[in-house]
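Good morning, and thank you for coming. I would like to take you through one protein structure, beginning with its sheet and ending with its charged residues.

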Amino acid sequence: MVAKINDIKNILKNTILEQTQIIEIRIPETDEIALAMQVNVDNKIEAWNIMRKLLPQTERYPVIAACWFNQGENWADVVIKSDLFCRFDYQHEPSYHQHENTGIKGLIAQVDKINIQEYLNENLEISEEDFNQKLAALEQQNQESLFIDLRYFEWYEPINERLALLLLPVQNCWEILAYLHWYGASYIGSDKVMAMLKYWHEQYGIELVCHYGTMLQLTVKNKPKTFKEALQLAIEQETIAPCTTSLPGVSLSDHACALLKTDHWFLHERP
């Protein structure tokens, strides 16, 4: 794993990131560090793509984060003061005291012990009869000619915030949530959200690109192929992040149709 700033800079020669500022951030309760690269609204996605392709060399997964503590002119100071890796919110999750090892590595290890389908079946708020009725209505439509307003899936742009492209000491995108807390995990636990992201990665090839505290923005390689698969996925997303559809006022069926069409997801959960 690349640990030194100079080593990263050597890898980045002849790229748009060659001159970018890079700092180290100590990760609390571990002996690990993260590397943070200065990016902006205009170059952040290109920068993420570069670092994602370099993952085999760096062994550090990239994710774009916003620094909500935005006081001060110095980017590095703002990033440090934002305390991106604070562990406070993890301690208030419902499953926190159920695990022997409540640290980052313990949280990651918990993921493979979770049967996420069993969890979903126990927590779904839709009956089998209701599911079948919605599916029957969907299947009366022509999937190829669907017209869906995808504006609610547009990614949030933190125009007035300082941004950092974080390089974390993990190989898998779902493990990022063991380091950066997502608000939606406050209700069900980061371990279950990571298990869900892992499942979606296996099923749909999702990649976590941006983590903005209450928002997760992901790319999707393999869209669902049938109305049934899309409806099931829509239910899974509403279970993990209800605000994704409730805030824009999108129905479960319309969300399922949107998932058939889009190659990027926007998951939102807020107070």
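Before the first detail, one definition is needed: two strands are said to pair if DSSP finds at least two bridges between them. With that in hand, we may say that Y61 stands opposite L168 in strand β4. Please keep in mind throughout that this is a predicted model.

Let us look at the sheet as a whole. Seven strands form an open sheet, and their order is β1-β2-β4-β3-β5-β6-β7, with mixed pairing. Which strands stand at the edges? They are β1, residues 22-26, and β7, residues 264-268; each has a single partner strand, so one side of each is left without a neighbour in the sheet. From one strand to the next, the twist averages 30°.

For those new to the subject, strands of a sheet pair through backbone hydrogen bonds, and they do so either parallel or antiparallel. Strand β3 shows both kinds. With β4, residues 162-168, β3 pairs in the antiparallel sense over seven bridges. With β5, residues 207-211, β3 runs parallel, and two bridges join them. One residue of β3 has a partner on either strand: the bridge partner of I64 in β4 is L165, and in β5 the bridge partner of I64 is C210.

How much of β3 is buried? Strand β3 comprises residues 61-67, and seven of its seven residues are buried. In a regular strand, the side chains alternate between the two faces of the sheet. Here, Y61, V63, A65 and C67 point one way, while P62, I64 and A66 point the other way. The residues of both groups are buried.

I turn now to helix α5, residues 104-111. Six of its eight residues are buried, so α5 is largely enclosed by the rest of the structure. The buried residues are I104, G106, L107, I108, Q110 and V111, and they pack against helix α9, residues 190-204.

The loop between α4 and α5 deserves a moment as well. Two of the residues found there are C86 and R87. C86 counts as partly exposed, at 32% relative accessibility. The C-alpha atoms of C86 and N142 are separated by 48 Å, although the two residues are 56 places apart along the chain.

R87, by contrast, is buried. Leaving aside neighbours within four places in sequence, R87 is in contact with P28, E29, G103, I104, L107, A178 and Y179. Why, then, does R87 have no salt bridge? The nearest side chain of opposite charge, E29, is 4.5 Å away, whereas a salt bridge requires a nitrogen within 4 Å of a carboxyl oxygen, so this pair does not qualify.

That brings us to the salt bridges themselves. Side chains of opposite charge can pair when their charged atoms come close. The structure holds five salt bridges, and I shall describe some of them.

One is formed by E32 and K105, whose closest N and O atoms are 3.1 Å apart. This pair links distant parts of the chain: E32 lies in the loop between β1 and β2, K105 lies in helix α5, and they are 73 residues apart. E32 counts as buried, at 16% relative accessibility, while K105 is partly exposed, at 47%.

Another joins E207 and R52, at 3.0 Å from N to O. E207 is in strand β5 and R52 in helix α2, residues 44-53, with their positions 155 residues apart in the chain. E207 is buried, with a relative accessible area of 5%, and R52 is partly exposed, at 24%.

A further bridge brings together K198 and D112, at 2.4 Å from N to O. K198 belongs to helix α9, and D112 to the loop between α5 and α6; they are 86 residues apart. K198 is buried, with a relative accessible area of 19%, whereas D112 counts as exposed, at 59%.

Finally, a word on the aromatic rings. There are six aromatic pairs. In one of them, the rings of Y183 and Y187 have their centres 5.7 Å apart and their planes at 85°, so the pair is edge-to-face. Y183 is partly exposed, with a relative accessible area of 23%. In addition, W68, Y156 and Y212 form one aromatic cluster.

Thank you for your attention.

Note on methods:
Residues are numbered from 1 along each chain as its sequence is written. This is a predicted model: local features need pLDDT of at least 70, side-chain atom pairs count only at pLDDT 80 or more; totals for chains, interfaces and linings use all residues. Side-chain values use heavy atoms; hydrogens and water are left out. Helices (H or I, at least four residues) and strands (E, at least two) are DSSP runs, numbered from the N terminus. Buried means under 20% relative accessible area, exposed over 50%, partly exposed in between (1.4 Å probe, protein chains only). Lys and Arg count as positive and Asp and Glu as negative; His and the chain ends are not counted. Contact means heavy atoms within 4.5 Å. Axes are lines fitted to C-alpha atoms, for helices over the stretch in contact, and angles run from 0 to 180 degrees between N-to-C directions. Rings of Phe, Tyr and Trp (its six-membered ring) pair if their centres lie within 6.5 Å; planes under 30 degrees apart count as stacked, over 60 as edge-to-face and the rest as tilted.
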